[in-house]
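Open the model in your viewer and keep the selection panel at hand. The stops below say what to select next and what is there.

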Amino acid sequence: MARLGIVKVKGEKDVNCFVVSCTSTREAVVIDPVEPADKVLDQLSGLTLRWIVGTHGHPGHLAGKDAVHSAAGGTTGLHVVDAKQFLRSAARYLVDGDELALGQFTAQVIHTPGHTPGSLCFLVGNHLFTGDTLLAGGIGREMPGTDLRQQLISIHGKLATLPLTTAIYPGHGTVTSLENELRTSPVFQAARR
């Protein structure tokens, strides 16, 4: 039976990159390829890289994309809005509902605009990779172009409806769970009042 392997790689500016792999087929996806790229490439030893995807277009989250792609191959993916806004390129422009094959698993693409217009989350089984859309105890830092209202709509309308057992792997900080965030995060507490 295939299992999911998940390795967190800490990059520059405390950005989290995740190498997610199918233990049966040894196929992998890199989510938010950070610099230094060598740290990411070290985690790909023995794996076949299928995808290199970004949760959004901010530089720290994509800094190692070209180096990882050059060294390990894989198809790059990003939302087209962020590609245009941040002058990024990708082999495939991802939209809400896309499914990316990953061995015996599928990474489901969830468009969560707000932090950036093209912010994406990736759901693999009950593991949700949220970038800066949702962090443990909050959300990503507001940047030029952030639409906080839209971000909260994305969180409450798309992420809060997932099963409580969903594990959350954010773009910064520690791993958490949807159940914990619903119970303790200020992002959800305001809606309860």
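Select V81. V81 is partly exposed, with 33% relative accessibility; buried means under 20% relative accessible area, exposed over 50%, and partly exposed in between, with a 1.4 Å probe and protein chains only. The residue V81 sits in helix α4 (residues 80-85). Helices here are DSSP runs of H or I with at least four residues, strands are runs of E with at least two, and both are numbered from the N terminus.

This is a predicted model: local features need pLDDT of at least 70, side-chain atom pairs count only at pLDDT 80 or more, and totals for chains, interfaces and linings use all residues. Residues are numbered from 1 along each chain as its sequence is written, and side-chain values use heavy atoms, with hydrogens and water left out.

Stay on V81 and show its contacts, meaning heavy atoms within 4.5 Å. Leaving aside residues up to four places away in sequence, V81 touches P117 and G118. Now add I155. V81 and I155 are 74 residues apart in sequence, and their C-alpha atoms are 19 Å apart in space.

**A101 and strand β7**

Select A101 next. A101 belongs to strand β7, which covers residues 99-102. Its relative accessible area is 35%, so A101 is partly exposed. With residues up to four places away not counted, A101 touches R50 and W51. Put a distance on the C-alpha atoms of A101 and E27: the separation is 9.2 Å, for residues 74 apart along the chain.

**From β7 to β8**

Which residue of β8 is the bridge partner of A101? Select T106: T106 is that partner. Strands β7 and β8 pair in the antiparallel sense over four bridges; two strands pair if DSSP finds at least two bridges between them. Look at the turn of this hairpin. Two residues lie between the strands, and G103 takes a positive phi near 60°.

Now select all of β8, residues 105-111. Five of its seven residues are buried, and the strand is mostly covered.

**On to β9**

Add strand β9, residues 120-124. β8 and β9 are antiparallel, paired over five bridges. Pick out two of the matches. H111 has L120 as its bridge partner in β9, and Q108 stands opposite L123.

Why is β9 largely enclosed by the rest of the structure? Five of its five residues are buried, so the strand is enclosed in that way. Check both faces of β9. L120, F122 and V124 are buried on one side, and C121 and L123 are buried on the other.

**β10 and the aromatic cluster**

Follow the chain into strand β10, residues 127-131. β9 and β10 pair in the antiparallel sense over three bridges. The hairpin has two residues between the strands, with G125 at a positive phi near 60°. F122 stands opposite F129 in β10.

Show F129 and Y169 as sticks. Rings of Phe, Tyr and Trp (its six-membered ring) pair if their centres lie within 6.5 Å; planes under 30 degrees apart count as stacked, over 60 as edge-to-face and the rest as tilted. By this rule the count comes to three aromatic pairs. In one of them, the ring centres of F129 and Y169 are 4.8 Å apart and the planes are at 20°, so the pair is stacked. This pair links distant parts of the chain: Y169 is in strand β11 (residues 167-170), 40 residues from F129 in β10.

Are these two residues buried or exposed? F129 is buried at 1% relative accessible area, and Y169 is buried at 11%. Add F18: F18, F129 and Y169 form one aromatic cluster.

**The open sheet**

Select β1 through β6. These six strands make an open sheet in the order β1-β2-β3-β4-β5-β6, with mixed pairing. At the edges are β1 (4-10) and β6 (92-93), and each pairs on one side only. Zoom in on β2 (residues 16-22) and β3 (residues 27-31): four bridges join them, and they run antiparallel. S21 has A28 as its bridge partner in β3.

**Last stop: the lining residues**

Select H61, D132, R141, M143 and H172. Of the 14 residues that line the largest pocket, these are the closest to its centre.

Note on methods. On a 1 Å grid over the protein atoms alone, a cavity is a set of points where a 1.4 Å probe fits but cannot get out, and a pocket is an open set with protein on both sides within 12 Å along at least five of seven lines; lining residues have an atom within 4 Å of a point.
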